[in-house]
Amino acid sequence: MKERLQQLQQEALEKIEQANDLKALSDVRVAYLGKKGPITEVLRGMGSLSPEERPIMGALVNEVREAIQMALEAKQVKLEQEEVEKKLAKEAIDVTLPGRPIRRGNHHPLTRVIEEIEDLFIGMGYTIAEGPEVEKDYYNFEALNLPKGHPARDMQDSFYITEEILLRTHTSPVQARTMEKHQGRGPVKIICPGKVYRRDNDDATHSHQFTQIEGLVVDENVRMSDLKGTLREFARKMFGEDRDIRFRPSFFPFTEPSVEVDVSCFNCGGHGCNVCKGTGWIEILGAGMVHPNVLEMAGFDSKKYTGFAFGMGPERIAMLKYGIDDIRHFYQNDLRFLQQFDRV
Amino acid sequence: MFVSYKWLQEYVDLTGITAKELADRITKSGIEVESVEVLSKGAKDVVIGHVLEREQHPNADKLSKCLVDIGEGEPVQIICGAPNVAKGQKVAVAKVGAVLPGNLKIKRAKLRGEESNGMICSLQELGVESKVVPKPYADGIFVFPSDAPVGADALELLNLDDEVLELGLTPNRADCLSMIGVAYEVAAILGRSVKLPAIELHENSESVHDYISVRVDAPEDNPLYAGRIVKNVKIGPSPLWMQTRLMAAGIRPHNNVVDITNYILLEYGQPLHAFDYDRLGSNEIVVRRAKNGETIVTLDDTKRTLTEDHLVITNGSEPVALAGVMGGANSEVQDDTTTVFIESAYFTSPVIRQAVKDHGLRSEASTRFEKGIDPARTKEALDRAAALMAEYAGGEVVGGVVEVNTLQPKDVVVTITLDRINNVLGTAITKEEVANILTNLQFMFIEDNGTFTITVPSRRRDIAIEEDIIEEVARLYGYDNLPATLPVGEANPGKLTPYQAKRRHVRRYLEDVGLFQAITYSLTNEEKATMFALETAEPIRLALPMSEERSVLRQSLVPHLLEAASYNRARQVENVALYEIGSVYLATNEHELPNEKERLAGVLTGVWHAHVWQGEKKAVDFYVAKGILDGLFALLGLENRIEYKQAKREHLHPGRTADILLDGKTIGFVGQLHPIVQKEFDLKETYVFELDIEALLKAEVDDIRYTAIPRFPSITRDIALVVDEHIVAGDLEQAIIKAGGELLKDVSIFDVYKGDRLPEGKKSIAFSLRYYDPERTLTDEEVTAVHEQVIKAVEQQFGATLRG
């Protein structure tokens, strides 16, 4: 019997080894361990054994059964694994085919520039002030030290609607309105982005509608050096940490002193290139100390308060930053243009 | 303003500083030098030649064969094409080997068989602009005065070796519209002194009052009028040096008298006018406002009709000049003029500006009056002009000046402390530095313990207050020396307003779902102004539009978005999804500002989604547009307060348009473009929307509150309702929600059917209803009870039947 058992074990292990799929393995299990299998048969035949032999034989039967069982289980795991692998292999796809496109639009490049500037000044404690685009002559000119008949009004040919109402030519009236709201009490710390209009023929460098961002700080003891520091900070955040700025004297009716502000060229770093036309500097802003007449007209005591103001054109900044060659692109809304500003 | 470097040296010592360096210094201190031009433009080897012989070229009608002495050995033969070349002339000769502007090299040549050893040059060929070349030489060569030395450098004689600085003057710096004004500025920058012209005036024993009298009837427009008589003048060309200076400044020479007035205008910034005394037609000058309808023929031979807004110089009865702008043809100086009346006056800016505007006439004179001249130089300029006319026109200056002077000269005195200067600038400039700057500016001042009392010279009309002095100090101290600091005041945190923050969220949302932000023009034409408008008002029209297309303010953003879509489609970009946030302008009344309202609009056309190799392709339809808006309303927490109502709107598809209501109030629309409008814009099926974004962003919304996450299972029941075709899903849904009460948590539509399997005029809408109680597990019986109520409600309200 012992030999029979050993033979059975060997046979079973061989068959298990040979089983190629789960079905064949199951057949082996039924054949050897099933109720009608040879091992059960051996067990049945144990009745003929002596009581001394029985336990020994019983142990042997169990040993054989366990060995077969273990081999079966091992093989089962192996086959199952193979089965899964086969299935997965069949499921393989071409990962190089295009994915399901996700629609994505984006900001207009001007909004991109404006929001960047807004955030930068918000970080420095400014709030954003907005005002009407159709404006009173008073706020657009008079409150900014440009009385009727002032020669500098020639500088900005305007779209008038009536004698007293026009499309604002700059965002400065928002400054006048904001100061007025403060009723002579500082501090005022705002930036004013928005659309403005001038009587220009549209061409590559002119647009009858464009945008501006102006800034205004009014408080006790605001100095011109603060303007320089603020704008240097702005230039570095906007155009790169190693940028520098310079002031050139200029004239605006609403500021005195007035300056134009150049930023060292972010393309060549100041050595001279075609972006800065060889000068190493790019004119970006107009700025100055708020004219005392402007402060007084808005209800501020110009002996007690001083302020600075600055203004810039998002179109110009965007054109420089992205190398755009024609201002009309901003208002044509050609998707082949707009789509180019689709990433961070 | 064009400034000749050589001429400027007459008033200020420029030793050791080149034109280019000077330009940099001027720019850095406040006046932008826009260009520095070398007049000769690289020309060289052009000399004075003497035309010894001139004969017709044997083989060419239009050419002359000339024998020219150029001061080097034998005279040379030169073929010349100029019609005015003649024997005895002194001319500019570009020798063989010479270079002319444009790098044109002169070589020995044969012209129609005749040898030519050089070229006789016109001024244009030497780089002078045509518009300033004296008229007699406009179509030929330039003829030099007979005393021009043969062989001398012609470019030097023509002052073409000079350099010219073009100043870009801001309106406040009208003082630099004169050579003397520029000299003061340069002197201040360089710390040098100004040398004024010496005037040597010899008057005869006659009295000007025997010749002419002056009356000013409009003293506000003309506070100072002065004049002199110069007799026995001989009209002829002005000296070459004067002509060349005028040309360098952009003024065409005419004759000695006119050139002198222009020369003084450039030198002093004081416009002058020379009348032919014998042609004035009277012995008096009356300055007055013109009468309505009065006319004058000006020097440009144009008849101009005047109004009371214009100032005229008259001979007592009729105008002889449009004051400060242009003289009259009737009293013009001509070749036979012998007696000249020189006018030097101060006209105030507004009346001149009005004339310039009304007549479209801008002259060197009017520009200066418009910007404001220095009346302290008016009489000095007059004297200098008279002296020059004596010297260069052989005239005799009649004794005395006729003058009407109602000016009340008042010194401008500004007092400022050193502390104030430093406090405003953020600097630590010393008393001595400030004193030094004021001295260089030639401002008179007294300094007492850090307080400066400054008397501003009348030439600097731009300086009146402390800040002006601060600016003078700052620009001459140098902005590069200004420290960079940050404001030290009380610090407030910067922040967007809730409206601004939400608006940014809206932009990002729309872009994240696939729309591009557009920015279109606010000005449009009359027709488009009101198209699609949510609210309409009287169109707001520009008083003086540049074109009809941009003449009226828009009341809706949609028309320009459609134009943008159309623009793209015309360029093969068929799939367009654009949105814009911008203002529309609604008139209130003529004297008030319009109501400016912010709107959000969008346009969608073409394919919305395509993933073709997997068989997905979806064109834009109404529900794409609506879905985008649904998402927007959900983003703003308003989804349960929004309602869509079938609507008819002009320019939109009558069956595919919905009004959008917030809390029952219409705040926008979404719909398909009407096929007719679609065709007008050359578009395919297109959907548009416009919303009152202010209403959306200003609606009060509760903050987010956490609600417990479901712990019990929910039960879902589906029903398919058969109803009349005209019943809309939204109404059914509302009824279901109402009947479902607390337990009904979700209703969604999963099928809509209309067709053969239903009776004519019917449709079926299938809803999925989810019931849930946060406190416990619902039983089937409880759900059934509520569900029955729902079914009953729709049966009763809409005659709905359950689809079998």
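Where in chain A does Pro187(A) lie? Pro187(A) sits in the loop between helix H7 (172-181) and strand S4 (188-197) of chain A. Helices (H or I, at least four residues) and strands (E, at least two) are DSSP runs, numbered from the N terminus. The peptide bond that joins Gly186(A) and Pro187(A) is cis, with omega about -5°. A cis bond also runs from Glu256(A) to Pro257(A), where omega is near -5°. Pro257(A) belongs to strand S7 (residues 255-264) of chain A. Most peptide bonds are trans.

The model is predicted: local features need pLDDT of at least 70, side-chain atom pairs count only at pLDDT 80 or more, and totals for chains, interfaces and linings use all residues. Residues are numbered from 1 along each chain as its sequence is written, chains are lettered from A and ligands numbered from 1 in the order in which they are written, and side-chain values use heavy atoms, with hydrogens and water left out.

Chain A has 12 helices and nine strands. Its radius of gyration is 43 Å, well over the 20 Å that the globule rule gives for 344 residues, so chain A is more spread out than a compact globule. The radius is taken over C-alpha atoms, and the rule is 2.2 Å times the number of residues to the power 0.38. Along the principal axes, the C-alpha atoms of chain A fill a box of roughly 135 × 45 × 45 Å. Of the 344 residues, 53% count as buried. Buried means under 20% relative accessible area, exposed over 50%, and partly exposed in between (1.4 Å probe, protein chains only). UniProt, in an unreviewed entry, places a "coiled-coil region" at residues 65-92 of chain A. UniProt positions follow the numbering used here, feature names are shortened, and annotations may be inferred rather than shown by experiment. That span of chain A is 93% helix and 0% strand, and its end C-alpha atoms lie 41 Å apart.

Chain B holds 20 helices and 43 strands. Its radius of gyration is 42 Å, well over the 28 Å that the globule rule gives for 804 residues, so chain B too is more spread out than a compact globule. The C-alpha trace of chain B spans about 130 × 85 × 55 Å along its principal axes. Of its 804 residues, 53% count as buried.

Two UniProt domains, both from an unreviewed entry, fall in chain B. "TRNA-binding" is listed at residues 40-155. Over that stretch the chain is 2% helix and 41% strand, with end C-alpha atoms 7 Å apart. "B5" is listed at residues 409-484. There the chain is 39% helix and 22% strand, and the end C-alpha atoms are 41 Å apart.

Helix H2 (residues 19-29) of chain B has several buried residues, including Leu22(B), Ala23(B) and Ile26(B). The buried residues of H2(B) pack against strand S6 (245-252) of chain A. Their partners in chain B include strand S2 (32-38) and helix H12 (466-477). Contact means heavy atoms within 4.5 Å. Gly30(B) follows H2(B), and its phi is positive, near 135°.

Most residues other than glycine have a negative phi. Asn232(B) is not a glycine, yet its phi is positive, about 60°. Asn232(B) lies in the loop between strand S15 (224-231) and helix H5 (240-248) of chain B. At 43% relative accessibility, Asn232(B) counts as partly exposed. Asp663(B), also not a glycine, has a positive phi of about 50°. Asp663(B) is found in the loop between strand S37 (652-662) and strand S38 (665-673) of chain B.
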